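Trainee: I should like to go through the assignments in this model one at a time, and to ask on what grounds each is made.

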Amino acid sequence: MNKPETLPVAQPVVGKSLPHESAHLHVSGAAPYIDDLPEPTGTLHAALGLSPIAHGKLLGIDLARIRQMPGVVAVLSAADIPAENNCGPLLHDDPILAADELRYVGQPVFAVIATHRELARRAAALARQVIQAEPLPPVLTALDAHAAGHYVLPPMHLTRGEPDAHLATAPHRLQGRWSLGGQEQFYLEGQISLAQPQEGGEGLLVHCSTQHPSEMQQLVAHCLGWHAHRVVVQCRRMGGGFGGKESQSALFACVASIAALKLKRPVKLRVDRDDDFLVTGRRHGFDYRWDVGFDDEGRVLAADIDLVSNAGHSADLSAPVMARALCHLDNAYWLPHVAMHGYCARTNTQSNTAFRGFGGPQGAIAVEMILDSIARRLGLDPADVRQRNFYATGRDMTPYGQQVEELHAQPLAAQLLASSRYAERRAEIAVFNAASPVLKKGLAFTPVKFGISFNVAHLNQAGALVHVYTDGSVLVNHGGTEMGQGLNTKVAQVVAHELGLPLSSVRCSATDTSKVANTSATAASTGSDLNGKAAQDAARKIKARLAAFAAERFGCAVELITFAEGHVTGGGQSLSFEDLVAAAYLKRVQLWSYGFYATPGLHWDRSKLQGHPFYYYAWGGAVCEALVDTLTGESRITRADLLHDVGSSLNPALDIGQIEGGFIQGMGWLTMEELVWHPVTGLLTTHAPSTYKIPTANDCPPELKVRLFNVPNASETIHRSKAVGEPPLLLGFAALLAIKDACAACGPANCDPPLRAPATAEAVLAAIDAVR
């Protein structure tokens, strides 16, 4: 009697906490970024001359004076751009270099090309002396622009039910206004591009720190008057992006490319941190007005809400940011009758852009502030009011017409509130506050429901190439970009899993527009969903060919062939993957393949703001405890309990890292990162680390407890995982509301401190003074 076949025991590759593929390079300082690449012979350096005024008519530039500066090779203005003077991603309304109008302090007006970077910067610093302009009155705040009806695109309106009628009959009514600041991406690697002419000037290779190589390729081609096939954009890794390198890396890629083509020499443009702040946009700040009706239990009956974003001087990505804000204003809550109005205000400031969450946080935080105020008005625990408003069976349709199929809010909240000892700590904090006249504690719980997919349906596609070499090693190229989040690691895990190989056998190469074309940005938290599926598709095609070859060789049915632990087994026989591949090559079996994936079931009507824009939702929850010094306004988050839904995690270590980082970044936005423009000149005064404070390791709560919800995704995603890039940032809401809760302990019962965001020491003292 034959013994049963012994199959290799498959060790997990997907679902295992494996280190980031570049972790050893990151910690040793050996990971090469664009500025670390060896400079080609003859490389020149560019710097930008910036507008000194917020608004005005450009009359002229004394270029001759700049050309006389030491080391200057050339000076470029708008007149030197061969074709389209635009770096805007959607509307063609964002000039690379100012042509006739100056729109904000820091707008690039000319570019200096010199032999050394410092010489280029010194010449560019003459901008204030060489730019001749006629000043015009600037509009510097979103509310001023809103009052004047100045918008970068038409207002958006999303309505369900009869909000006016139900507001009129509601037992209670809450009206309010609130302001929320923007946030600088503060990627550690600043904006940088290196453009190299190819083959006698007939082509261009651009190394660009960007989340969207294909868009950089298109915009560079457009400004040169070329077809796209003459431009290749490469990006091996970024030192952070956070949305700031989705569209706004284009200006730097275009300037470097124009200069390289004109001078027929490589040109590098690397801006320093001050100029990066002054030139580029960031997360949109929002202003809100709301009118909300609710019952005695705190359930929202109707709402009418205005959202006014500061778009800056051009549209950039403000339209989809506002659309996502409107689609996330419900967060985890059922709003039966609601009218939402979105206005993208045009101001004479930097053009604001994508930032982790892409409008979702600005939408969702509004309803969190509303529910917190409702709870305080009624004298109820805000956690109870939140749970009463959760989506539930029969109350599971969003205002934009998509059914919420996974109702995870209540079970996740119950688990988190129990594990964090919310009720017990609420009582303990009340005792502490009663006995402590100076230091006050606060506690808050907030949930997260975040839609995953690009709001624009056609962007939800991805491609990949997988090459199997004759020694059994595998090289993967996909359209996503690596910015530290671990995308390449996850994609390699997926391919290794499909082919039954250890992770060490698979490597991902630099993102390259000549390998995978027409890619979407690595954004909207879709990196692993899209590119993982595309790489899996390619690997499965190769696997099917190898399985058919192995079945023929082993004399068994193809269904019996298994790939595990670096071996291919079937019919009682086994070969190493390497040996099978070598044999397959001799039989002319194709050992490479392309893969493609398009997210199914998505549709969206932009005019009506209705449809099914998201493939699924990611859920989460946070409980934060804050300590506030009522004499100085200083605050500290002393404990944070986070429970987050990543489906069946592809890599728990990477996902927990993303949750921790997202929470800290959200906490920083809402508690310390303050952007200040001069009210007369329009200069961004917080344009360096000395004046703009991001959270550091010292700001991390001493107790930070992160757990995964561990429920497989109901949608057919890559290995039933869920996106983890953006949703955790919204966990930071609990930090702001915990500080607000501590401020409320300074006033009478049921008081509602008017705490603005970011909750700096000044904002905290103002809120305390208001309730005292």
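Trainee: What makes up the lining of the second largest pocket, by class?

Mentor: In this predicted model, the lining of that pocket has 22 nonpolar, 15 polar and six charged residues. The space in the pocket is about 1,100 Å³. Of the 43 lining residues, those closest to the centre are Leu90, Pro320, Val456, Leu459 and Arg606. Leu90, Pro320, Val456 and Leu459 count as nonpolar and Arg606 as charged, because Leu, Pro and Val belong to the nonpolar class and Arg to the charged one.

Trainee: Which elements give two or more residues to this lining?

Mentor: They are β7 (156-160), α7 (213-224) and α10 (318-327). The most comes from α7, with five residues.

Trainee: Why is the pair Glu202 and Arg230 called a salt bridge?

Mentor: The closest N and O atoms of Glu202 and Arg230 are 3.6 Å apart. The criterion requires a side-chain nitrogen of Lys or Arg within 4 Å of a carboxyl oxygen of Asp or Glu, so the pair qualifies. The whole structure holds 36 salt bridges.

Trainee: What does the pair Glu202 and Arg230 tie together?

Mentor: Glu202 lies in the loop between β9 (192-198) and β10 (203-208), and Arg230 in the loop between α7 and β11 (231-235); the pair therefore ties together parts that are 28 residues apart in sequence.

Trainee: How do you know that β17 and β18 pair?

Mentor: Five bridges join β17 (residues 461-468) to β18 (residues 474-478). Pairing needs at least two bridges, so these strands meet the condition. They run antiparallel, and Leu465 has Asn477 in β18 as its bridge partner.

Trainee: What makes β19 and β24 the edge strands?

Mentor: The open sheet has the order β19-β18-β17-β24, with mixed pairing. Each of β19 (506-508) and β24 (592-598) pairs on one side only. The twist averages 20 degrees from one strand to the next. Helix α15 (residues 487-499) lies across β17, β18 and β19, and runs at about 130 degrees to β18.

Trainee: What distinguishes a cavity from the pocket discussed above?

Mentor: A pocket is open, whereas a cavity is a set of points where the probe fits but cannot get out. The structure holds four cavities of 30 Å³ or more, and about 150 Å³ of space lies in the largest. The largest cavity is lined by 17 residues, and Cys87, Asp94, Gln248, Leu251 and Val279 are the closest to its centre. By class, its lining has nine nonpolar, six polar and two charged residues. Helix α8 (residues 250-263) gives the most to this lining, with three residues.

Conventions
Residues are numbered from 1 along each chain as its sequence is written. This is a predicted model: local features need pLDDT of at least 70, side-chain atom pairs count only at pLDDT 80 or more; totals for chains, interfaces and linings use all residues. Side-chain values use heavy atoms; hydrogens and water are left out. Helices (H or I, at least four residues) and strands (E, at least two) are DSSP runs, numbered from the N terminus. Axes are lines fitted to C-alpha atoms, for helices over the stretch in contact, and angles run from 0 to 180 degrees between N-to-C directions. Contact means heavy atoms within 4.5 Å. On a 1 Å grid over the protein atoms alone, a cavity is a set of points where a 1.4 Å probe fits but cannot get out, and a pocket is an open set with protein on both sides within 12 Å along at least five of seven lines; lining residues have an atom within 4 Å of a point. Grid points are joined across faces, edges and corners, and a volume is the space filled by probe spheres set on the points.
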